[in-house]
Amino acid sequence: MKIAILGSGPLGLEAALHFDQLGAHVSLFSRGELGGMAKRVNAFASESSLEECWGEITSKHGRESLGLNIELSDIPSNEEYFEKYFRPLVEKGSQSIIVKPGNVERVHKRFLSLNEEVPGKSRLHDLFRVVYSTDPEHSILNQVESNPEVFEKLGEDVLNSLNESVESFEDFDLVIDASGIHSKANPIGPSQSFALNEEKLAAETKTFYGRECLENYKDATASSKHIVIVGDGHLAALLLCELDMWLEEDRERMVSLVTTQGQPFRDFLAEQENSTLALMTYENIQKYFEKLQIARRKFEEDLFKWRDLEPHIKAKTPAPQEPKSQLNLITASNVTSIDRLLDREGIFVTCETTGFRSGAIESEEQISTFACDSIFVCTGHKGGSSLATGLQGVAGASAEDYSHKEPGFYTLNGCLGGKNSLANGIKKISLIEREIMNFFSRA
Ligand SMILES: Cc1cc2nc3c(=O)[nH]c(=O)nc-3n(C[C@H](O)[C@H](O)[C@H](O)COP(=O)(O)OP(=O)(O)OC[C@H]3O[C@@H](n4cnc5c(N)ncnc54)[C@H](O)[C@@H]3O)c2cc1C
């Protein structure tokens, strides 16, 4: 039985080891380094603790194969999870699992069209075709270095053509899509759709979606004075905590956070009240609120003093400026448009606020526009699989579904009850196994 697992985050790896141990022939498609979002979060905040305990975020098989001696009820830090469990598991796994470097472009049935059935048989009769592209530097160009004599004979034109990435394919009996929810990030606008001009401008401006926010964090912060975060979930919380240091370094820097909620991070804080990230998020918001209160009191005192100045001194003394918070919270609002600045590099963001949302401060609808340098879009993610639009019942599926109308194709992610966690994903692996075993049961 050949199984393809798409994506080499923690869940892809756990699933690969699980089915390998059951005797399947597993190929794990990996477009970068193994580790996925968990690795990126670790690189950002290695000391912060994970939300669940060892027993929930690791599999029994993984622990046993490593002979891991840990207290299952302890909650590890990101770093402990990585060093004690994930990294050794990768080493162990790469001895038996085939890791295929490549970006999976699409998955479809080898012959069957979307609504076609095989007479008297299930669609499982036809194999899945996984189409992936490889980076020439990792494949052909490596061979150029090791066999220069062969490639010398090919000539410059042929060598140049090898620079472009190439699509290849391989066929499988079963496919598990573990490409992670952050690779299918929602756009910035209302109703999980595009804001005005977004589709056209996103690529030309510093607008980053989902996991791109972490990948481009360094560049964005190095070249920006004003950063906008849209959304107030997990990813937004992590970015905001990281941006706290960036704000502290320079009083001229500013972060604007746009959320549809009346109170920012209300759902996130309620869901994860005791996690370190939730506590840090809450403390951060409080800190900037208190800073603004102090600055406002000082401003009022200065204003009174300025008003009392002798007219000839007052004429020469600039009036005190009303303070602005370095953390600007724009609540009960949607970003409805992005535009380009004409006079310098940058982006205009237009937000519209409605009064009907619970917790909305204003009762009237309002429009505001401001300039910024970068936007981190953290508005959640799409359901289904963007890789398998050519398979039955996959495209419209919710992010929580692991099983689809297409027999033999599964989605493995950590989404359950609105929460994305490793613990949820680990539970889904045995559910997928049960579904696969149904194919073997007697009629
Ligand atoms: C800020 C933050 C904090 C978090 N904290 C926790 C926590 O404390 N505890 C917890 O349990 N969870 C936490 N999570 C969620 C956690 O990151 C996920 O549960 C976990 O990463 C899910 O793993 P995954 O394998 O499904 O996906 P991912 O980790 O997203 O991995 C997917 C992999 O697939 C690869 N991929 C994507 N598309 C393709 C393609 N087309 N071809 C090839 N490869 C592809 C990606 O490069 C990536 O390596 C947090 C998430 C965030 C954003």
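Of the 36 residues around the ligand, the nearest are G7, G9, G36, M37 and G180. The model is predicted. Domain 1 (2-182 + 381-438) and domain 2 (186-377) both contribute to the shell, so the ligand lies between them. The notes below start with that shell, then turn to the domains and the strands.

**Ligand shell**

- Several elements give two or more residues to the shell: α1 (10-21), α2, β4, α12 (234-249) and α16 (422-438).
- Which element provides the largest share of the shell? That is α2, with four residues.
- By class, the shell holds 16 nonpolar residues, 17 polar residues and three charged residues.
- Why does the ligand lie between the domains? Domain 1 and domain 2 both give residues to its shell, and therefore it sits between the two.

**Domain layout**

- The protein splits into domain 1, built from 2-182 + 381-438, and domain 2, covering 186-377.
- Taken over C-alpha atoms, the centres of domain 1 and domain 2 are 36 Å apart.
- Contact between the domains involves 13 residues of domain 1 and twelve residues of domain 2.
- On the side of domain 1 that touches domain 2, α2 (36-44) and β18 (419-420) each supply at least two residues.
- The most comes from α2, which gives four residues to that side of domain 1.
- The side of domain 1 that touches domain 2 counts four nonpolar, five polar and four charged residues.
- Helix α2 thus appears in two roles: it gives the largest share of the ligand shell, and it gives the most to the side of domain 1 that touches domain 2.

**Sheet β4-β5-β6**

- Three strands make up this open sheet, in the order β4-β5-β6, with antiparallel pairing.
- The edges are β4 (103-109) and β6 (166-172), and each of them pairs on one side only.
- Neighbouring strands in this sheet are turned by 25° against each other on average, direction ignored.
- β4 and β5 (residues 128-134) run antiparallel and are joined by six bridges.
- One bridge pair links V104 with Y132 in β5.
- Strand β4 also belongs to the elements that give two or more residues to the ligand shell.

**Sheet β12-β13-β14**

- A further open sheet has three strands in the order β12-β13-β14, again with antiparallel pairing.
- β12 (333-340) and β14 (366-372) stand at the edges with a single partner strand each, so one side of each has no neighbour in the sheet.
- From one strand to the next, the twist averages 25°.
- Seven bridges connect β12 with β13 (residues 347-353), and the two strands run antiparallel.
- Within this pairing, what is the bridge partner of I338 in β13? The partner is V349.

**Parallel strands β1, β2 and β3**

- β1 (residues 2-6) and β2 (residues 25-30) run parallel, joined by five bridges.
- L6 has F29 as its bridge partner in β2.
- The chain passes from β1 through α1 to β2, and this β-α-β crossover is right-handed.
- Helix α1 of that crossover is also one of the elements giving two or more residues to the ligand shell.
- β2 pairs in the parallel sense with β3 (residues 98-101) as well, over four bridges.
- In β3, P101 is the bridge partner of S30.

Key: Residues are numbered from 1 along each chain as its sequence is written. This is a predicted model: local features need pLDDT of at least 70, side-chain atom pairs count only at pLDDT 80 or more; totals for chains, interfaces and linings use all residues. Domain bounds come from an automatic or database domain assignment. Two residues are in contact if their C-beta atoms, placed from the backbone, lie within 7 Å. Ala, Val, Leu, Ile, Met, Phe, Trp, Tyr, Cys and Pro count as nonpolar, Asp, Glu, Lys and Arg as charged, and the others, Gly among them, as polar. Two strands pair if DSSP finds at least two bridges between them. Axes are lines fitted to C-alpha atoms, for helices over the stretch in contact, and angles run from 0 to 180 degrees between N-to-C directions. A residue is near a molecule or strand if its C-beta atom, placed from the backbone, lies within 6 Å of it. A crossover is right-handed if, with the strands pointing away from the viewer, the path from the first strand over the helix to the second runs clockwise.
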